[in-house]
Structures are given as C-alpha cells and as structure tokens.
Amino acid sequence: MLLLATGAAYANSGAPYPKKVIVKHFRIQMSLLQPPKYDIPYTGDLEIMFYTYKENIKELCGISDYACAKIWPDHKKCIVRILTKDVLEKRGYAYNFALRHELAHCNGWKHPNTLGNKHFSLGEKWDEAEGGVWIEADRKMAAPKLPESTKILPAYSPYKIVCITPKWEEESCAKRQEDVLAYSRPSISTMPHITKDPCIDYTKEECQR
Ligand SMILES: [Zn+2]
C-alpha cells in the first residue's frame, strides 16, 4: 500500500554571495522505501492490474488511492492494483518506485496502514515498517524484474467492456459474440433430421395394431 507523507525541505537562493540569505521552505511528497530484504524479485504468481482513476483504487484498496497489493498467506500469489504510470507521475510518484514498493509487499513486507499522528522527515526510518525509510516519492529507480508468468491487465475506461482470454490476452468482444452465435445457432444443414412418427396418433390404419 502506498502511503504519502509530506516533509519539509530547505534550499537557499542559490546565489553564490547573497547579501542576505533567502531560505525557501517547501513541502515535498515522501513515500516509504522498501527495505532491501524485500526489494528482491518476486517469484510467485503475479497479477498486475492498472487503473486510470484513483477512485477505483480507493474502492479496491481501502486506504490508499495509489496502489496496494493483495498477498496470499503463503506469498505464492500476489495481485498488485496500481494507477497507471502516467497518472502516478502526474500525482508526484515515480512509477518504478511505486511498483517495487508493492512487490516488496508481495515478498512479505508489512508496514502500518496509517501514519497515525506521526510526522516524518526526509530520510527518517519508520521502525514499525521494518525499517522502511521515507524518501522522495518521485525518486527514480530501475524497473523491477517481474516473473515471466506475470499477468498484466491494462487500464480501461470503466465504461468499456473488455474481453480477455484465459491467458489474459485481449480479444475482440465482437469476434467472441460471432463465435458464440456460430456455435449456438446451427445452420440448417447441421440440424438433426427430425421426422414425425407416422404412428404417433394411431390414426392411420396401418398403425392400428
Ligand atoms: Zn506499502
């Protein structure tokens, strides 16, 4: 689960010989860096579902409206729900960082779901998060290595119906409809030949036995 915190950062005006020191204060978005122990390739059964709307993430993840990971107790399966790269970046989050954070959860990392009343500074460690450190949320890092069997479901408009194969490959819903019709509506030539039993009502003379 991605939690954001804000921390203060300071910078001077940058002038080499300022007549007076001008200090700018600004708030930065921080996120929790996954401890190295968990920042390793996940090797279980992984599904990654992308979303365009934070409302969808909030609905599915509960607290976070950025991302979360659902982990099976034996860690053999993990579902990551996450905003798309574009949306994450617009909201100040580096995509690879966010994904690696979630994959660390797939590897068993846990941290509290809320900050409570705590305030953190940049670089500070959160003991309750197994030593996770608060860093800039937009920190660039390398892409994580994903299992070859990873199933990825791209983000779609909530108003669009998407058809995917059991292997999670997208296929045309129109084509599927044609296939269904082809199987469910046999052509005349394949219809079983039905003949009426001539003796069904025993009216014919030869049937009256
Ligand atoms: Zn998290």
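The following conversation between a trainee and a mentor works through a predicted model of a single chain.

Trainee: What makes up the chain, and in which order do the elements run?

Mentor: The chain holds four helices and 10 strands, and from the N terminus on they follow the pattern β-β-β-α-β-β-α-α-β-β-β-β-β-α. Of its 209 residues, 21% count as buried.

Trainee: Why is the sheet with the order S4-S5-S3-S8 called mixed?

Mentor: The four strands form an open sheet in that order, with mixed pairing, and the edge strands, each pairing on one side only, are S4 (67–71) and S8 (151–153). On average, neighbouring strands of this sheet are turned by 15° against each other, direction ignored. Taking the pairs one by one, S4 and S5 (residues 77–83) are antiparallel over five bridges, whereas S3 and S5 run parallel and are joined by seven bridges, and S3 and S8 are again parallel, over three bridges. Both senses therefore occur, and since two bridges are enough for strands to count as paired, each of these pairs qualifies.

Trainee: Which residues stand opposite each other in these pairs?

Mentor: Ala67 has Ile82 in S5 as its bridge partner, Glu47 stands opposite Ile79 in S5, and Met49 is matched with Leu153 in S8.

Trainee: How do you know that helices pack on this sheet, and which strands do they touch?

Mentor: Helix H1 (residues 54–61) packs on the sheet, touching S3 (45–51), S4 and S5, and its direction makes about 150° with that of S5. Helix H3 (residues 95–106) lies across S3, S4 and S5 as well, running at about 20° to S4.

Trainee: What makes H3 a largely enclosed helix?

Mentor: A residue is called buried when 20 or more other C-beta atoms lie within 10 Å of its own, and 10 of the 12 residues of H3 are buried, so the helix is largely enclosed by the rest of the structure. Among those buried residues are Phe97, Arg100, His101 and Glu102, along with Leu103 and Cys106.

Trainee: How does the span of H3 compare with the expected one, and what follows the helix?

Mentor: From its first C-alpha to its last, H3 reaches 17 Å with its 12 residues, which is close to the 16 Å expected at 1.5 Å a residue. After the helix comes Gly108, whose phi is positive, near 110°.

Trainee: What makes a set of residues a nonpolar core here, and which elements contribute to the largest one?

Mentor: Such a core is built from buried residues of nonpolar kinds, joined through C-beta atoms within 7 Å. The largest has 33 residues, and Tyr66, Ala67, Ile82, Ala98 and Cys106 have the most contacts inside it. Strand S2 (23–33), S3, H1, S4, S5 and H3 each give two or more residues to this core, and its largest share, six residues, comes from H3.

Trainee: Which residues is Ile82 in contact with?

Mentor: Leaving aside its neighbours within four places in sequence, Ile82 is in contact with Ile48, Phe50, Ala67, Ala98, Leu99 and Glu102.

Trainee: Why do S6 and S7 count as a pair?

Mentor: At least two bridges are needed, and two bridges join S6 (residues 125–126) to S7 (residues 132–136), which run antiparallel, so the requirement is met. Trp126 has Gly132 in S7 as its bridge partner, and in this hairpin, with five residues between the strands, Glu130 takes a positive phi near 55°.

Key: Residues are numbered from 1 along each chain as its sequence is written. This is a predicted model: local features need pLDDT of at least 70, side-chain atom pairs count only at pLDDT 80 or more; totals for chains, interfaces and linings use all residues. Axes are lines fitted to C-alpha atoms, for helices over the stretch in contact, and angles run from 0 to 180 degrees between N-to-C directions. Two residues are in contact if their C-beta atoms, placed from the backbone, lie within 7 Å. The expected span of a helix is 1.5 Å times one less than its number of residues.
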